[in-house]
Amino acid sequence: MRRRVDPSALAAYLKFGYVPDPLSILEGVAKLPPGHVLLVKNGQAGTPQRYWEPTSHFRSTDGPLDAAEAGERLWGLLGNAVRSHLVSDVPVGAFLSGGVDSSAVVGLMAREAGVPVKTFSVGFGEKEYDEAPYARRVAEWFGTEHHELI
């Protein structure tokens with residue numbers, strides 16, 4: 001059987017930067033939706049079954065939170081996630097863009113690690129695309145062992 005590119009999947013890729021399900025880049029091949037499995041037995045494919053519902057992890061039974069409570073809860077969850085990823089048999093580091101998300105992660109790492117955190121940034125020669133100065137400022141603020149590549 002000759003493989004051919006699915007034109008509608010290619011168009012989606014060029015438009016969105018990825019191929020959304022059920023399309024795949026190959027004609028006649030379908031992708032499973034996120035959180036699904038497909039059992040194939042004796043050469044026969046069954047029906048896709050959901051094994052995980054991502055939105056269930058974001059539903060709260062506590063009722064609405066005000067901004068301060070939501071911020072505290074988010075900060076606690078982020079801190080727990082960072083702390084759990086610092087447990088390693090090898091040195092860990094972080095990619096630091098200088099944006100809010102990577103800066104928050106590096107700040108939490110610096111607070112928890114007890115030693116200078118290794119941070120890495122990629123800068124660009126074109127000033128309008130270069131975020132390295134922001135990353136450098138964050139690295140200096142948290143006292144990281146910072147490495148830059150332009």
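**Entry 1: Ser88**

I started at Ser88, where a polar atom of the side chain lies 2.9 Å from the backbone oxygen of Val90. The model I am reading is a predicted one. Ser88 sits in the loop between α2 and β5. I looked up its accessibility and found a relative accessible area of 37%, so I noted Ser88 as partly exposed.

**Entry 2: helix α2 and the residues before it**

I went back along the chain to α2, which covers residues 67-85. The helix has 19 residues, and I get 27 Å from its first C-alpha to its last, close to the 27 Å expected at 1.5 Å a residue.

I then checked the start of the helix. A side-chain oxygen of Asp66 comes to within 3.1 Å of the backbone nitrogen of Ala68. The side chain of Asp66 also reaches the backbone nitrogen of Glu69, at 2.7 Å. Asp66 belongs to the loop between β4 (49-50) and α2. Its relative accessibility is 42%, so I put Asp66 down as partly exposed.

Leu65 is in the loop between β4 and α2. I read 35% relative accessibility for Leu65, which therefore counts as partly exposed. Not counting residues up to four places away in sequence, Leu65 touches Ala70 and Arg73.

I also took one long distance: Asp66 and Arg137 are 32 Å apart, C-alpha to C-alpha, with their positions 71 residues apart in sequence.

**Entry 3: the sheet**

I traced the strand order of an open sheet with three strands and wrote down β5-β6-β7, with parallel pairing. The edge strands, each paired on one side only, are β5 (93-95) and β7 (145-149). On average, neighbouring strands of this sheet are turned by 20° against each other, direction ignored.

I counted the bridges next. Strands β5 and β6 run parallel and are joined by three bridges. Phe95 has Phe120 in β6 as its bridge partner. On the other side, β6 (residues 118-122) pairs with β7 over five bridges, also in the parallel sense. There I found Ser121 opposite Glu148 in β7.

Which side chains of β6 are buried, and which are not? Thr119 and Ser121 point to one face and are buried. Lys118, Phe120 and Val122 point to the other face and are not buried. In a regular strand the side chains alternate between the two faces of the sheet.

**Entry 4: helix α4 and the core**

I turned to α4 (residues 132-142), which lies across β6 and β7. The helix runs at about 170° to β7.

I listed the largest nonpolar core, which has 10 residues: Val82, Ala94, Leu96, Val106, Leu108, Met109, Val117, Ala135, Val138 and Ala139. The elements giving two or more residues to this core are α3 (100-113) and α4. I picked Val138 from the list and looked up its contacts. Leaving aside neighbours within four places in sequence, Val138 is in contact with Leu96, Gly98 and Ser103.

**Entry 5: Thr144**

Thr144 is in the loop between α4 and β7. Why does Thr144 count as buried? Its relative accessibility is 14%, and the cut-off for buried is under 20%.

I then looked for its partners. The side chain of Thr144 makes a polar contact of 2.8 Å with the side chain of Thr119. Outside the four nearest places in sequence, I have Thr144 in contact with Val106, Val117, Thr119 and Ala139. Val106, Val117 and Ala139 were already in my list for the core.

**Entry 6: backbone geometry**

I closed with two backbone values. Most residues other than glycine have a negative phi, and most peptide bonds are trans.

The peptide bond from Asp21 to Pro22 is cis, and I read its omega as near 5°. Pro22 is in the loop between α1 (7-16) and β1 (36-37).

Asn42 is not a glycine, yet I read a positive phi of about 55° for it. Asn42 lies in the loop between β2 (40-41) and β3 (44-45). With a relative accessible area of 74%, Asn42 went into the notebook as exposed.

Note on methods. Residues are numbered from 1 along each chain as its sequence is written. This is a predicted model: local features need pLDDT of at least 70, side-chain atom pairs count only at pLDDT 80 or more; totals for chains, interfaces and linings use all residues. Side-chain values use heavy atoms; hydrogens and water are left out. Two strands pair if DSSP finds at least two bridges between them. Helices (H or I, at least four residues) and strands (E, at least two) are DSSP runs, numbered from the N terminus. Axes are lines fitted to C-alpha atoms, for helices over the stretch in contact, and angles run from 0 to 180 degrees between N-to-C directions. Contact means heavy atoms within 4.5 Å. The expected span of a helix is 1.5 Å times one less than its number of residues. A polar contact is a pair of N or O atoms within 3.5 Å; within protein, one must be able to donate a hydrogen and the other to accept it, and residues adjacent in sequence count only if both atoms are side-chain atoms. A nonpolar core is a set of buried Ala, Val, Leu, Ile, Met, Phe, Trp, Tyr and Cys residues joined through side-chain atoms within 4.5 Å. Buried means under 20% relative accessible area, exposed over 50%, partly exposed in between (1.4 Å probe, protein chains only).
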